[in-house]
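The following exercises are to be solved with the sequence and the 3D structure at hand. Each task is followed by a solution in steps.

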Amino acid sequence: MFYQNKNIIVIVTGSIAAFKAAVLVRYLIEQGAQVRVSLTAAGAKFVGPLTFSTLTKYPVLQDIFDQNDGQVLHVKWARWADYIFVVPATADFLAKAANGLADDAASSTLLASSARKIAAPAMNDQMWENQATKRNVKQLKKDGWLIIEPVVGFLAEGYDAKGRLPEPEDIILQAQVRLLAEKGSLKGKKILITAGGTREALDPVRYLTNRSSGKMGYNLAQAAAEAGAEVTIISPKSKKTAYPLKQIEAVSALEMFDSVKKELKNNDIFISAAAISDFRPEKFSSQKIKKNGAAGLTIDLVQNPDILAQAGREKQNRFIAGFAAETEKIIDHAKAKLVSKKADMIIANDVSRSDAGFSVDTNQVTIISKKTVKKLPLMSKLAAARKIIDEIAKELD
Ligand SMILES: Cc1cc2nc3c(=O)[nH]c(=O)nc-3n(C[C@H](O)[C@H](O)[C@H](O)COP(=O)(O)O)c2cc1C
């Protein structure tokens, strides 16, 4: 886990969103971090130090003149920290940090520390759009700060606008992805991933589909983003993600085929993780098919194009990986697919297991390339995705 054993100071400043900092602190602790909190005087008006000292089991730093055994606390804390999160960060605090002011315990700790700094600003939309705030944010980015931008949402003022603090889980995940990406193994690469089960329409209300949830594809997208790649995902339905991701919606196999064809040329790596329907109904009924009088219903199916094989035909210098959902002779079938699809890697998963494959959060995969066969144990889909991305990076090396 990224935050495991990391020393993290969370500075909480005087924003109405300060209550969310308590949840952020708890998540960081759950992920194995040692967390200490420093509150500005305004921050303490919104959430009391008792909340944070109880969560962190450590006194909260509020007063610049606090000492412990004769040691100046903010200097001691500054040396201890690996990361300093300012969540939420007020416009005022951003201004202070951008200008190197140190007139309270929190800002002095910041100035005295060489830790990596991450700020999640939250404020009124006019404050966020103000030239002074923009200037300060630009300066902080230049100084190496990671800025987790506020999102558009319901503000305390009673309307929707940009200025709202993202949810604590999203702040932590976005920071993790962006920090890992800085020295990632796929930096500078562009990767295209398909995810989810396609839907083949019969009539306006019915469709044929499969049990794929898209989890493996989205976990691969996260792992690729952590590795520093620029990621595009094609799936039947876009999802909210904490990190930047280009998302394209394609519902049927034919739509996915067209989207992949279009996007492939912009990418260095292609992973086909979607469960694309092999067949589609030959005819689409523009009216709902009625049951009246029909003793039964026969649906004629035609084959869909093979997206992985098509990507293999247009391969050029691209790295191509595909998933093989198998229920028997997994490695033999995957090896055959490697050749027939002109792929560089096949990731075989045994979908006959109840704890692997469709819908569940765990998977057991075997990574097969021309060079290696690696059978991984059962693990979370995210852990498996990271291993797959690692293997791809090694093959590209
Ligand atoms: C009810 C209330 C809510 C506030 N919410 C915010 C906010 O969300 N963002 C912000 O930048 N300032 C907000 N402020 C203004 C800050 O609290 C004020 O600028 C303060 O000086 C910030 O001090 P600090 O940066 O040392 O924490 C709010 C003030 C009040 C009274």
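Domain bounds are taken from an automatic or database domain assignment. The model is predicted, so that local features need pLDDT of at least 70 and side-chain atom pairs count only at pLDDT 80 or more, while totals for chains, interfaces and linings use all residues. Residues are numbered from 1 along each chain as its sequence is written, and side-chain values use heavy atoms, with hydrogens and water left out.

**Exercise 1.** Describe how the two domains are placed and how they meet.

*Solution.* Step 1: mark domain 1 at residues 7–181 and domain 2 at residues 185–396. Step 2: the C-alpha centres of domain 1 and domain 2 are 39 Å apart. Step 3: 7 residues from domain 1 and 10 residues from domain 2 take part in the contact (heavy atoms within 4.5 Å). Step 4: domain 1 and domain 2 bury about 730 Å² between them, with 59% of it on carbon and sulfur atoms. Buried area is the accessible area (1.4 Å probe) that two parts lose on being put together, summed over both.

**Exercise 2.** Identify polar contacts of the ligand (pairs of N or O atoms within 3.5 Å).

*Solution.* Step 1: take the side chains. A polar side-chain atom of Thr90 lies 2.6 Å from a ligand oxygen atom, and one of Ser15 lies 2.9 Å from a ligand oxygen atom. Step 2: turn to the backbone, where an N or O atom of Ala122 lies 2.8 Å from a nitrogen atom of the ligand. Step 3: consider the cover. On its own the ligand has 640 Å² of accessible area (Shrake-Rupley method, 1.4 Å probe), and the protein covers 63% of this.

**Exercise 3.** Find the residues in the model whose backbone geometry deserves a check.

*Solution.* Step 1: recall that most residues other than glycine have a negative phi, and most peptide bonds are trans. Step 2: the peptide bond from Val87 to Pro88 is cis, with omega near -15 degrees. Pro88 belongs to strand β5, residues 83–89 (strands are DSSP runs of E, at least two residues; helices are runs of H or I, at least four; both are numbered from the N terminus). Step 3: Lys57, although not a glycine, has a positive phi of about 55 degrees. Lys57 is in the loop between α3 (49–56) and β3 (67–68).

Notes
Polar contact = N/O pair within 3.5 Å; in protein donor to acceptor, adjacent residues only side chain to side chain.
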